[in-house]
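Trainee: Please pick one strand and take me through it up close. After that, I'd like to hear how other parts of the chain look by the same kind of reading.

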Amino acid sequence: MRSRRWFRVAAGGVAGLLVGAGLAIPAGPASAANPIITSIYTADPAPLVVGNTMYIYAGRDEAPVGDNNFRMREWHVLSSTDANTWTQHGARASIATFGWAGADAWASEVEPRNGRYYWYTSVNGRGAGWMDIGVAVADSPLGPFTDAKGGPLISDSTPNSSGLNIDPTVFVDDDGQAYIYWGGYWGARAARLKSNMIELDGPVVTPQGLTNFWEAPWMFKRNGLYYLMYAANDTNGCVTSSSYACQRYATATNPMGPWTHRGIVLGQVSSTTNHAGVVEFNGQWYIVYHTADAPGGGNFRRSVAVDRLYFNADGTMQRVVQTGPGPGPGPGGPPAGTNLATSATVTTSYVSAWESLAALNNGGVPANSADRSNLAYGNWPQQGTQWVEYTWPSARTLNRIATYWFDDDQGIDLPASCQVQYWTGSGYANVPGQSSCGVAGNTYNVTTFDSVTTTRLRLNITSRSGFSTGLLEWLAYQP
């Protein structure tokens with residue numbers, strides 16, 4: 001049985017400036033950068049891995065500029081064999097797939113079972129109430145999909161239904177029991193599904209322990225532990241304004257809970273809605289979400305992005321680093337340019353006896369911030385500000401650095417801040433025009449500054465309270 005790792009966000013986003021409403025979108029490869037496609041606007045992505053292919057099912061945003069409403073009539077499918085280059089397969093389901101539906105092709109998800117693919121959708125029915133959950137089915141991940149039930153699976157008439165019946169996430173456990181979670185307006189709901197995947201199997205329950213739940217649940221299982229990720233809009237570390245949302249998550253030892261809140265996995269994005277899915281693909285975990293970052297984009301013209309996701313040794317998830325270039329086909333390489341660090345001598349204020357200064361300029365390409373395969377520099381148990389330094393036998397001209405921080409999920413954590421300095425000939429001074437010194441994990445943090453010519457470059461690293469700091473690579477570039 002397929003193990004599932006996904007998450008979600010909220011409703012939205014279509015063509016506008018780039019594509020006129022109703023215009024057919026041909027299949028073809030798309031850009032590897034985030035957003036992963038810009039020929040149309042896409043939202044509420046749901047990833048699925050089948051064999052050596054990752055599929056993303058997403059609604060299409062069609063609101064023109066100036067229309068501040070969700071205009072969504074169809075669901076599209078994208079696919080990739082490397083999580084880097086994406087092929088558009090066009091609309092594979094729409095409102096017309098459901099003869100009983102009237103509008104609003106909102107968030108959806110596809111779950112395979114017994115050789116068939118069940119597409120659970122948020123759609124506006126024509127009867128009393130607003131949003132319902134429908135189910136389409138196909139014999140292939142690309143369809144054709146047809147209505148599996150002839151009416152909604154969940155509606156306002158379902159006992160104990162949510163105040164807004166949207167955002168279904170479906171999960172089939174190892175024992176064959178299927179579960180569905182859904183809900184909006186702070187109303188998370190859950191139920192078992194019968195083996196036919198189109199009928200509820202027992203009462204609808206209200207999950208317990210989902211701190212600040214707003215909408216967009218996403219359920220999966222990893223190493224025997226159940227995860228439920230969801231959108232929250234509180235300002236208690238989540239977002240700067242309740243008009244936006246982050247992605248919190250909780251874990252449980254039973255698929256029906258109770259749940260224990262674990263924290264935030266995806267922070268505020270550029271769109272007000274925040275909907276994500278997670279999947280393990282080719283040995284790497286990915287999070288799929290949407291933003292307003294495409295040309296002409298906005299809160300009702302959103303676009304899908306893909307980034308890497310990392311777990312800590314205790315099963316908790318590291319906060320996602322949102323990127324513009326996208327995840328790439330493998331471990332991200334260093335920024336382009338001439339790196340002068342390889343010819344420098346390295347010194348430091350302190351290095352742990354079991355770590356290595358050689359890690360800083362040995363040319364390794366880390367897979368993530370916990371990667372020790374190419375050595376690691378760490379200064380545990382020191383706290384506060386420590387430094388590392390490059391010295392060259394003659395003057396070098398430099399204007400940027402790239403740091404890949406070490407985080408061992410123990411005593412060494414990502415730093416609180418950092419500052420680049422250079423040797424003036426008589427003492428150290430901060431480099432002029434320094435940009436923000438990035439402290440994100442699992443990526444190269446590029447810091448720029450006005451060109452300096454010097455024989456020594458120093459990096460001062462200030463730790464978070466209670467932790468030490470470390471580096472896997474420190475690159476220094478000439479202009």
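Mentor: I'll start with one strand and its partners, then move on to other sheets and a few odd spots.

Before that, some ground rules. This is a predicted model, so local features are kept only at pLDDT of at least 70 and side-chain atom pairs only at pLDDT 80 or more, while totals for chains, interfaces and linings use all residues. Numbering runs from 1 along each chain as its sequence is written, and side-chain values rest on heavy atoms, with hydrogens and water left out.

My pick is β4, residues 74-80. Strands here are DSSP runs of E with at least two residues, helices are runs of H or I with at least four, and both are numbered from the N terminus. β4 is mostly covered, with seven of its seven residues buried. Buried means under 20% relative accessible area, exposed means over 50%, and partly exposed is in between (1.4 Å probe, protein chains only). In a regular strand the side chains alternate between the two faces of the sheet. In β4, Glu 74, His 76, Leu 78 and Ser 80 point one way and Trp 75, Val 77 and Ser 79 the other, and both sets are buried.

Now its partners. Two strands pair if DSSP finds at least two bridges between them. Strand β3 (residues 53-61) runs antiparallel to β4 and is joined to it by six bridges, with Met 54 opposite Ser 80. Strand β5 (residues 86-94) is also antiparallel to β4, over five bridges, and there His 76 faces Ala 91. β4 and β5 make a hairpin with five residues between them, and Ala 83 in that turn has a positive phi of about 60 degrees.

For a contrast, have a look at β21 (residues 345-348). Val 346 and Thr 348 point to one face and are buried, whereas Thr 345 and Thr 347 point to the other and are not. β21 pairs with strand β23 (residues 385-405) through four antiparallel bridges, and Val 346 sits opposite Tyr 390 in β23.

Ala 83 brings us to other backbone oddities. Most residues other than glycine have a negative phi, and most peptide bonds are trans. Asn 114, in the loop between β7 (108-113) and β8 (116-125), has a positive phi of about 55 degrees although it is not a glycine, and it is exposed at 70% relative accessible area. Asn 160, in the loop between β10 and β11, has a positive phi of about 65 degrees and is partly exposed at 38%. As for cis peptide bonds, one runs from Gly 143 to Pro 144, with omega near 15 degrees, and Pro 144 belongs to the loop between β9 (131-138) and β10 (146-147). Another joins Trp 380 and Pro 381, with omega about 10 degrees; Pro 381 is in the loop between β22 (377-378) and β23.

There are open sheets to see as well. One has four strands in the order β14-β15-β16-β17, with antiparallel pairing. β14 (215-222) and β17 (260-266) each have a single partner strand, so one side of each has no neighbour in the sheet. Neighbouring strands there are turned by 25 degrees against each other on average, direction ignored; axes are lines fitted to C-alpha atoms, for helices over the stretch in contact, with angles from 0 to 180 degrees between N-to-C directions. β16 (residues 246-252) and β17 are joined by five bridges, and Tyr 249 stands opposite Gly 263.

Finally, a buried residue worth a stop: Thr 291 in strand β19 (residues 284-291). Its relative accessible area is 3%, so it counts as buried. Leaving aside neighbours within four places in sequence, its contacts (heavy atoms within 4.5 Å) include Pro 35, Val 269 and Arg 302. A polar atom of the Thr 291 side chain also lies 3.1 Å from the backbone nitrogen of Asp 293.

Key
A polar contact is a pair of N or O atoms within 3.5 Å; within protein, one must be able to donate a hydrogen and the other to accept it, and residues adjacent in sequence count only if both atoms are side-chain atoms.
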